[in-house]
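Biologist: Please take a close look at one part of this model for me. I would like a plain account of a surface patch and the residues that follow along the chain.

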Amino acid sequence: MTTEERGTRPVEEEVVRDFSATMSYSDYLHLDELLAAQHPVSRPPHHDEMLFIIQHQTTELWLKLVLHELRAAMRHLSADELKLAMKNLARVKHVQRTLIEQWSVLATLTPAEYLEFRGALASSSGFQSQQYRAVEFALGNKNAAMLEVFRHDEARRRELAELLAAPSLYDEFLRHLARRGWPVPRDVLDRDVTKTHVLHEGVVEVFRGVYRDVEEHWEVYEACEDLVDLEDSFQVWRFRHLRTVQRTIGFRRGTGGSSGTGFLARALELTFFPELYAVRTELGD
C-alpha cells in the first residue's frame with residue numbers, strides 16, 4: 001500500500017454510485033432548490049449578506065418544525081395523550097436550544113458589515129415572520145392585529161387566523177386537566193380563545209394542588225415543568241435576539257418600522273403560562 005493509499009478511505013464496493021433510476025440524497029432533500037434560495041440583494045453583493053440570509057432561512061426551517069411539533073402536541077392533549085404531547089415538547093426544547101445558539105453566529109456580524117447591505121433590505125424585517133407569529137399564537141400569545149401584517153398573503157393570513165381561533169397549547173393542557181378531574185374554573189375552559197390568556201387565581205389553585213404533592217401527581221407535575229422549560233427557552237431566545245440586535249444596530253429603528261430594541265424588550269414582559277410562575281410564589285405559604 002502506497003503512502004497516498006494509506007491516507008484515503010476506500011469506497012466500499014456496495015456503496016451506490018448510479019442514481020439514474022433511484023433517489024439520491026440531493027433528490028430527497030431538494031438540495032438544488034434549497035441551496036439556490038440564497039439571493040443577496042445588495043449591489044454589488046456584500047460578502048456578509050450570505051450569513052444574514054442563511055441565519056434567517058434556517059430559523060424559518062426550525063420554526064416550521066416547532067409548529068409541526070406544537071400542532072401534534074395539541075392534538076395529543078385534546079385526545080388525553082399527555083405522554084405523547086410531552087414527547088413533542090421535548091423535541092421543541094431541543095430545537096429551541098439550537099435557535100438560541102444560532103444568535104452567536106449572527107453576532108459575528110459587526111455594525112460596519114451590516115450597514116454595508118442594511119439599506120438593501122428595504123422594509124423587510126423579522127417582525128414579518130408569519131411562522132414566528134404562528135408559534136406565538138400556538139403558545140397562547142394571541143394578537144388579532146398581527147393578521148393585518150399578512151393581508152398581502154392570503155394563505156399565510158388564513159393559517160394565522162385559524163391558529164388565532166383555535167385553542168392554544170395551554171388551553172388544551174388545562175382542558176386535559178379538567179377531564180382528569182382537576183377543578184379548572186369553567187370560565188377558563190369556556191373563555192374566548194382568540195384572546196391571550198391572563199392570570200386566573202382559580203388556575204393558580206389547581207397548580208398549587210399539583211405542586212404540594214409532587215409524588216402523587218408526578219405526571220402532571222412533570223408536564224407543568226416541561227411547559228416552564230418551554231417558556232423559559234422562548235424568553236432566552238427573545239433576549240438573545242434583543243442583545244444581538246443591540247450590538248449590531250444599537251437603538252436604531254428596525255427596517256420594518258418598529259422601534260427596534262425597545263419593541264423587542266417589551267416582548268420579554270409577555271408570558272404564556274402565567275399561573276405556572278405565580279404558583280411558585282405561594283409554595284411554602
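**A nonpolar patch and its surroundings**

Modeller: Leu29 is partly exposed, with a relative accessible area of 35%. The model is a predicted one. Leu29 sits in helix α2, which covers residues 25–29. Together with Met23, Tyr25 and Tyr28, Leu29 makes a nonpolar surface patch of about 510 Å². Leu29 can count towards such a patch because its 35% is over the 30% relative accessible area that patch residues need.

Next comes His30, in the loop between α2 and α3. His30 is not a glycine, yet its phi is positive, at about 55°. His30 is also partly exposed, and its relative accessible area is 48%. That value does not make His30 exposed, because the label "exposed" is kept for residues over 50%.

Ala122 makes a useful comparison. Ala122, too, has a positive phi of about 55° without being a glycine. Ala122 is placed in the loop between α6 and α7, the latter being residues 130–139. With a relative accessible area of 55%, Ala122 is exposed.

Back towards the patch, helix α3 spans 31–34 and α4 spans 49–78, and the loop between them holds Pro44. The peptide bond leading from Arg43 to Pro44 is cis, and its omega is near -5°.

Another proline, Pro111, belongs to helix α6, made of residues 111–115. Pro111 is partly exposed, at 38% relative accessible area. Leaving aside residues up to four places away in sequence, Pro111 touches Arg247 and Thr248.

Definitions and conventions: Residues numbered from 1 in each chain as written. Predicted model: local features only at pLDDT ≥ 70, side-chain atom pairs only at ≥ 80, totals over all residues. Heavy atoms only, no water. Patch = residues over 30% accessible without salt bridge, like charges linked within 9 Å, V, L, I, M, F, W, Y side chains within 5 Å. Areas by Shrake-Rupley, 256 points an atom, 1.4 Å probe, with all protein chains shown as cover. Salt bridge = Lys/Arg side-chain N within 4 Å of Asp/Glu carboxyl O. Helix = DSSP H or I, 4+ residues; strand = E, 2+ residues; numbered from the N terminus. Buried < 20%, exposed > 50% of the residue type's maximum accessible area, 1.4 Å probe, protein only. Contact = heavy atoms within 4.5 Å.
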